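Subject: Structure handover

Hello,

Here is the structure for you to look through. My notes on it follow below.

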2 protein chains.
Amino acid sequence: MPARHIIAKELAGLFGVLSHPDRLRIVEELRGGERDVNSLQELLGVSHSRTSQNLAVLRLNRVVIERRDGRHVFYRLEQPELAAWILDGVRFLEQGSARAEATRSAIAVVRQIWGQPEKPATRKRR
Amino acid sequence: MPARHIIAKELAGLFGVLSHPDRLRIVEELRGGERDVNSLQELLGVSHSRTSQNLAVLRLNRVVIERRDGRHVFYRLEQPELAAWILDGVRFLEQGSARAEATRSAIAVVRQIWGQPEKPATRKRR
DNA sequence: TTCATATATTCACGAATATGAATATATATA
DNA sequence: TATATATATTCATATTCGTGAATATATGAA
C-alpha cells in the first residue's frame, strides 16, 4: 500500500478521534497537566460514563495516557504539543463571510482560555 | 453558550470533515493549485461519484472552492495553509512504540510527497 | 438545429459505523 | 464489609459510507 494511502488512513483516524466536542475539550483541558476523571466530568458538565467512554477512545488511540493513583485515575496527554496544534487549527474557522459573528468572537475568547498553559485545579493526590 | 463549547463544536465539525482518507488526500493534492474532478478521481483511484460526493462535503464545509470553466469544474483550497497544517499533524502519528514500523517509514515518504508544492498536472483548459 | 459525448452532480439503497443512554461489572479504599 | 470510582457491555438510534443508476450541463460534430 502506497505511503500516502497508509498515512491518509491513519491521519483520518486521528481526525476521527478528535471529531467530537467532548474529546476536543478533554484534550484542551489536559494541556496544563493531568486530571482525574471526576475533575474532567465536572469541567465538561456531562455524565460520568460519557466522560469515561470518551477517555477510553482517546486512550485506545494513544492520545492520552492514564496513571492510576489510589482510587483515582489521572489522564494526561501523551504528546502535549497536540493541544497547541489543535488550537492552531482554530484559525481555519475564521474563514468565509458566512461564518457567524458569534463564532468569530468565540475564537478570540478560546484563544485566551486554551492558549496558555493552565495550572491544574483541585488535584487530589494521596 | 460558552465560547469553548461553540469552538469545540465547530472544530469537531472540521475534524469530522477531514476524518476521511479520500478527503484528506484531496486536500493534499490541491496544495499546489486547482484541479478538476476527473484529475482528482484518477489520482485517488476511486469512483467518479465518490470523488464528487467527497468534494461536495469539502465544498459545503468551505474547505474547497469551485470554479466552473466549460464542462470542467476546478476545485482549489479556500485556505491553502490548511494543507500544511494537516501535514504538520502527521507528527502525532509517530508516537508510541506500538506504532508499526511501516507507518514510520510511510511518514517520511509522505513528507516528501506532500511536503512541497507541486505544479498541477495536465490541466486541460479551453 | 439535433445528436453524441464528456464531465459532473445527485439520488436511492443497503451496509457499516458511530453515538448516547442505561445498566452491569470490577476495583480500590475506608 | 460498604462505598466511591472507573470501566465494560448492551441496546436502540442516528449517521456515514460506497455503489450504481439517473440526471444535469456543456461541448463539438453532423
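A polar contact here is a pair of N or O atoms within 3.5 Å. One such pair joins B:Arg71 to DNA strand C: a polar side-chain atom of B:Arg71 lies 2.7 Å from a sugar or linking oxygen of the strand. Please keep in mind that this is a predicted model.

**DNA strand C**

DNA strand C has 20 residues around it. The closest are A:Gly70, B:Asn38, B:Gln53, B:Arg71 and B:Tyr75. Which part of the strand faces the protein? Of its atoms within 4 Å of the protein, 76% belong to sugar or phosphate, and the rest belong to bases.

Two side chains of chain A also reach this strand. A:His20 has a polar side-chain atom 3.1 Å from a phosphate oxygen of DNA strand C. For A:Gln53, the partner is a base nitrogen of DNA strand C, again at 3.1 Å.

Chain A supplies at least two residues of this surface from α4 (48-60). Chain B does so from α3 (37-44), α4 (48-60), β2 (64-69) and β3 (72-77). The element that gives the most is α4(B), with four residues. By class, the surface near DNA strand C holds three nonpolar, nine polar and eight charged residues.

**DNA strand D**

Around DNA strand D there are 19 residues. A:Gln53, A:Tyr75, B:His20, B:Gly70 and B:Arg71 are the closest. Sugar and phosphate make up 72% of the atoms of DNA strand D that come within 4 Å of the protein.

Three side chains are worth a look here:

- A:Gln53 puts a polar side-chain atom 2.9 Å from a base oxygen of DNA strand D.
- A:Tyr75 has a polar side-chain atom 2.8 Å from a phosphate oxygen of DNA strand D.
- B:His20 has a side-chain N or O atom 2.8 Å from a phosphate oxygen of DNA strand D.

Two or more residues of the surface near DNA strand D come from each of α3 (37-44), α4, β2 (64-69) and β3 (72-77) of chain A, and from α4 of chain B. By class, this surface has three nonpolar, nine polar and seven charged residues.

Note A:Gln53. Its side chain meets a base nitrogen of DNA strand C and a base oxygen of DNA strand D.

**How the two chains are related**

Chain A superposes on chain B by a rotation of 180° with 0.0 Å of shift along the axis, at an RMSD of 0.1 Å. That is the relation of a two-fold axis. In chain A, A:Phe15 has the C-alpha nearest the axis, 2.6 Å from it.

**The interface**

How many residues does each chain bring to the contact? Chain A gives 46 residues and chain B gives 44 residues. The area buried between chain A and chain B is about 4200 Å², and carbon and sulfur atoms give 71% of it. A:Phe15, A:Trp85 and A:Phe92 supply 16% of the area that chain A buries against chain B, more than any other three residues. So A:Phe15 appears both here and at the axis, as the residue of chain A whose C-alpha is nearest, and the copies meet through the same surface, because 96% of the interface residues of chain A are also interface residues in chain B.

**Helix α2 of chain A**

Helix α2 of chain A spans residues 21-29 and is mostly covered. Eight of its nine residues are buried. They are A:Asp22, A:Arg23, A:Leu24, A:Arg25, A:Ile26, A:Val27, A:Glu28 and A:Glu29.

Best regards

Methods. Residues numbered from 1 in each chain as written. Chains lettered and ligands numbered in written order. Predicted model: local features only at pLDDT ≥ 70, side-chain atom pairs only at ≥ 80, totals over all residues. Heavy atoms only, no water. Near = heavy atom within 4 Å. Polar contact = N/O pair within 3.5 Å; in protein donor to acceptor, adjacent residues only side chain to side chain. Nonpolar A, V, L, I, M, F, W, Y, C, P; charged D, E, K, R; others polar. Buried < 20%, exposed > 50% of the residue type's maximum accessible area, 1.4 Å probe, protein only. Least-squares fit on C-alpha atoms with pLDDT ≥ 70 in both. Contact = heavy atoms within 4.5 Å. Buried area = accessible area lost by both parts, 1.4 Å probe.
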